[in-house]
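Open the model in your viewer and keep the selection tool ready. We will move from stop to stop, choosing residues and chains as we go.

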Protein chains: 4
Amino acid sequence: MNPFEKLTEYFGEFPGIGPRQAKRFVYFLLTKNSSYIEEITRLLNEIKKNTTICNSCFRFFQNNQNLGNICLICSNQNRDKEKLMIVARDVDFETIEKSRAYNGLYFILGGTIPILEKDPEKRVRLREISKRINGDIKEIIISMNNTSEGENTIDFLKQYIKEKFNNLNIKISTLGRGLSTGSELEYLDSDTIKNALENRKG
Amino acid sequence: MNPFEKLTEYFGEFPGIGPRQAKRFVYFLLTKNSSYIEEITRLLNEIKKNTTICNSCFRFFQNNQNLGNICLICSNQNRDKEKLMIVARDVDFETIEKSRAYNGLYFILGGTIPILEKDPEKRVRLREISKRINGDIKEIIISMNNTSEGENTIDFLKQYIKEKFNNLNIKISTLGRGLSTGSELEYLDSDTIKNALENRKG
Amino acid sequence: MNPFEKLTEYFGEFPGIGPRQAKRFVYFLLTKNSSYIEEITRLLNEIKKNTTICNSCFRFFQNNQNLGNICLICSNQNRDKEKLMIVARDVDFETIEKSRAYNGLYFILGGTIPILEKDPEKRVRLREISKRINGDIKEIIISMNNTSEGENTIDFLKQYIKEKFNNLNIKISTLGRGLSTGSELEYLDSDTIKNALENRKG
Amino acid sequence: MNPFEKLTEYFGEFPGIGPRQAKRFVYFLLTKNSSYIEEITRLLNEIKKNTTICNSCFRFFQNNQNLGNICLICSNQNRDKEKLMIVARDVDFETIEKSRAYNGLYFILGGTIPILEKDPEKRVRLREISKRINGDIKEIIISMNNTSEGENTIDFLKQYIKEKFNNLNIKISTLGRGLSTGSELEYLDSDTIKNALENRKG
């Protein structure tokens, strides 16, 4: 395999990229001058060097302010330390944070747990979440996609946390179900209707 | 315009049907024998003859059981008469009813109110809903699509009902917002996240 | 099953219509007044009464000009009687005729032959095409979709006609392959490229 | 703008990549270890260093066999030197070459000419194609997408070549039009039908 094919294969591993588009990436980069590629290489290395995983929430962050290993959110005194939200991935954290609807702390699980997975610890940060949970926390909000894998992850985490931290009396909650923006009544499944009725606002 | 083209035009008025598919319908019917078309014609006329609009909820129903002008749901003594759900169309009623999540009564509004509509009465059954509301009702649930036109209809109805029936002290509610089945966190808008957080279940 | 459900089932047999849209058709018709339904019924019956299958090309046509059983195209003295185009369905005939690119005669096969079909005679008008072919015809153009079922139909007809009318020395042709409107080189399969190269115009 | 945002912006320039997917690329790379990024960087630089534009056909190629500046196809004595195919981009060349339907030489135009473009020379390799055309060539096949911009490029090149090389008596051809794989008769435009009929095979 020549370097062209090898690089095509690498790009083919990028999320959502098939072999055809991967090849187009290589051709695209060939049309660019050297300084373009040097700049991408430089940025990649800079980010890799300056990006740390937060020791508390396990999200990636730019430690350019000598913060040590704790990110700006986890070290922010104005955030509500009694709430901990567990999300699957960094992008989920970003979406929540951008909504400005939540002022508590986060924990990035690092993935989700497929149904019938025998070894969940290999998939998600179980030991890390165990260490993170303590008596300061009054509520854990498990925020997962409303898919079967998301549901499975919620079920597993609920039981896991209840078993291990039964003594702490932590409330475990999940995101409310109902109509999302754009939902049309005619196409809703019975489950969503049921939840939308239970969560109705007066 | 010959009969073929005229019928094509009629089929083109059917919901969701363009001129090409309308023409295919005519060809399809041409390949069928006379008894097929007679049967469709017969059913159409039978339905038209036997279908009544319920005097209470304004949905179409088959009055084949000498029910008079009140449908089986409105005349069912086991339904919760203190709850009235307003939906836009018959299909919305069907989706809700199929979910088995609701045991109150219904009212079919007959449409929705577009933004900036100057004469809402032409669009929806305002006089009819006015006659339908009375002191027996404790809660009106306005169930509309989560779209701008649905929102506009909700806003209009809320104000309309409050103004006219202020004395009755009726609770007005709307379907809860949140994650619907299949929703992925990454793609949620801030509004849905906010509502999903507020409606979170513990 | 009540008439409503029966009619929904009938509409569900219409080409391209699923159960949900079929039900919407019934509701749509319920909102229309009686004269609307009467007009559709009248048109249906008029078309059924006035539509004949042409004894020569087997397409449906409106015999409102006392033409007997031969359509306007088959009886048109200006059409080229030495060319016969076989198409699968009436809509294919219409598309070809609308292009004004062809001045010969047609034959509607009435369908296509699936791969591995053991009894092609049940699917398409084989006896009828046998009767239609005669010594006046110099070329038969088999115009089928460029799909595996279209290809299969072409292969079958070619062999069938050659065996039965070997003595007549009729040229059998098929539509040219190449780039169709909108085709992008990057996404073409090797077969299409090969044909486009062979058919290149100078 | 921090390095993370800058790199997201760079990835957003990649063909077919929006801001959301660009960000996902960055997160994806953050989860990879340093050796992964080093390998991509190394491949990028190696390809950039070892890739040359062929002096004859102007496609990118890996000059790892001390070929000088002429690619393996242009220097292959078994290719038909009397045929020259002009394509817009490297990927088009690849698709044609993979079909094994063509044994002549190529020329990569480097783009297409939009309608009403006043300065085509800025868009495509006009001077280079002028230098490339010579008396050895008997046929130039202009292979463009069957789109309005492809048509415009064909029209421009035909006139350009005829004016400049009138004396050489070169045949100029374009790819044949007709049904491409999967085409259905019912949806064909009149232009494609006309061409498919002209190119019909007997």
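**Stop 1: a helix in chain D**

Select helix H3(D). This is a predicted model. Within H3(D), these residues are buried: Tyr36(D), Ile37(D), Glu39(D), Ile40(D), Thr41(D), Leu43(D), Leu44(D), Ile47(D) and Lys48(D). What covers them? Part of the cover comes from chain D itself, including helix H2 (19–31), strand E1 (51–53) and strand E2 (60–62). Chain A also helps, and its helices H1 (3–13), H2 (19–31) and H3 (34–50) are included in the cover.

Now check the length of H3(D). The helix runs over residues 34–50 of chain D, which is 17 residues. At 1.5 Å a residue it should span 24 Å. Its end C-alpha atoms are 24 Å apart, so the model agrees with the expected span.

**Stop 2: Thr192(D)**

Stay in chain D and select Thr192(D). You will find Thr192(D) in helix H7, residues 190–198. Is Thr192(D) buried or exposed? Its relative accessible area is 2%, so Thr192(D) is buried. Leave aside residues up to four places away in sequence, and Thr192(D) touches Ser180(C), Thr181(C) and Gly178(D).

**Stop 3: where chain D meets chain C**

Show chains D and C together. How many residues of chain D are in contact with chain C? The count is 49 residues of chain D, against 49 residues of chain C. Together the two chains bury about 4,100 Å², with 56% of that on carbon and sulfur atoms.

Next, look for charged pairs. The rule finds six salt bridges across the interface of chain D and chain C. For one salt bridge, select Arg89(C) and Glu186(D), whose closest N and O atoms are 3.1 Å apart. There are also 29 residue pairs in polar contact across this interface, both residues being at pLDDT 80 or more.

Which elements of chain D give two or more residues to the side that touches chain C? Select strand E3 (80–87), helix H4 (90–99), strand E5 (139–143), strand E6 (171–174) and H7 of chain D. H7(D) gives the most, with nine residues. Color this side of chain D by residue type: it divides into 15 nonpolar, 19 polar and 15 charged residues.

**Stop 4: where chain B meets chain A**

Switch to chains B and A. Here the contact takes 49 residues from chain B and 49 residues from chain A. Chain B and chain A bury about 4,100 Å² between them, 56% of it on carbon and sulfur. Pick out Leu185(B), Arg200(B) and Lys201(B): they supply 16% of the area that chain B buries against chain A, more than any other three residues.

Across this interface the rule finds six salt bridges. One of them joins Arg200(A) to Glu139(B), with the closest N and O atoms 2.4 Å apart. On the side of chain B that touches chain A, the largest share comes from H8(B), with nine residues.

**Stop 5: Thr31(B)**

Finish in chain B with Thr31(B). Thr31(B) sits in helix H2, residues 19–31 of chain B. Buried or exposed: which is Thr31(B)? Its relative accessible area is 54%, so Thr31(B) is exposed. Now add Phe28(B) to the selection. The backbone oxygen of Phe28(B) lies 2.6 Å from a polar atom of the Thr31(B) side chain.

Note on methods
Residues are numbered from 1 along each chain as its sequence is written. Chains are lettered from A and ligands numbered from 1 in the order in which they are written. This is a predicted model: local features need pLDDT of at least 70, side-chain atom pairs count only at pLDDT 80 or more; totals for chains, interfaces and linings use all residues. Side-chain values use heavy atoms; hydrogens and water are left out. Contact means heavy atoms within 4.5 Å. Buried area is the accessible area (1.4 Å probe) that two parts lose on being put together, summed over both. A salt bridge is a side-chain nitrogen of Lys or Arg within 4 Å of a carboxyl oxygen of Asp or Glu. Helices (H or I, at least four residues) and strands (E, at least two) are DSSP runs, numbered from the N terminus. The expected span of a helix is 1.5 Å times one less than its number of residues. Buried means under 20% relative accessible area, exposed over 50%, partly exposed in between (1.4 Å probe, protein chains only). A polar contact is a pair of N or O atoms within 3.5 Å; within protein, one must be able to donate a hydrogen and the other to accept it, and residues adjacent in sequence count only if both atoms are side-chain atoms. Ala, Val, Leu, Ile, Met, Phe, Trp, Tyr, Cys and Pro count as nonpolar, Asp, Glu, Lys and Arg as charged, and the others, Gly among them, as polar.
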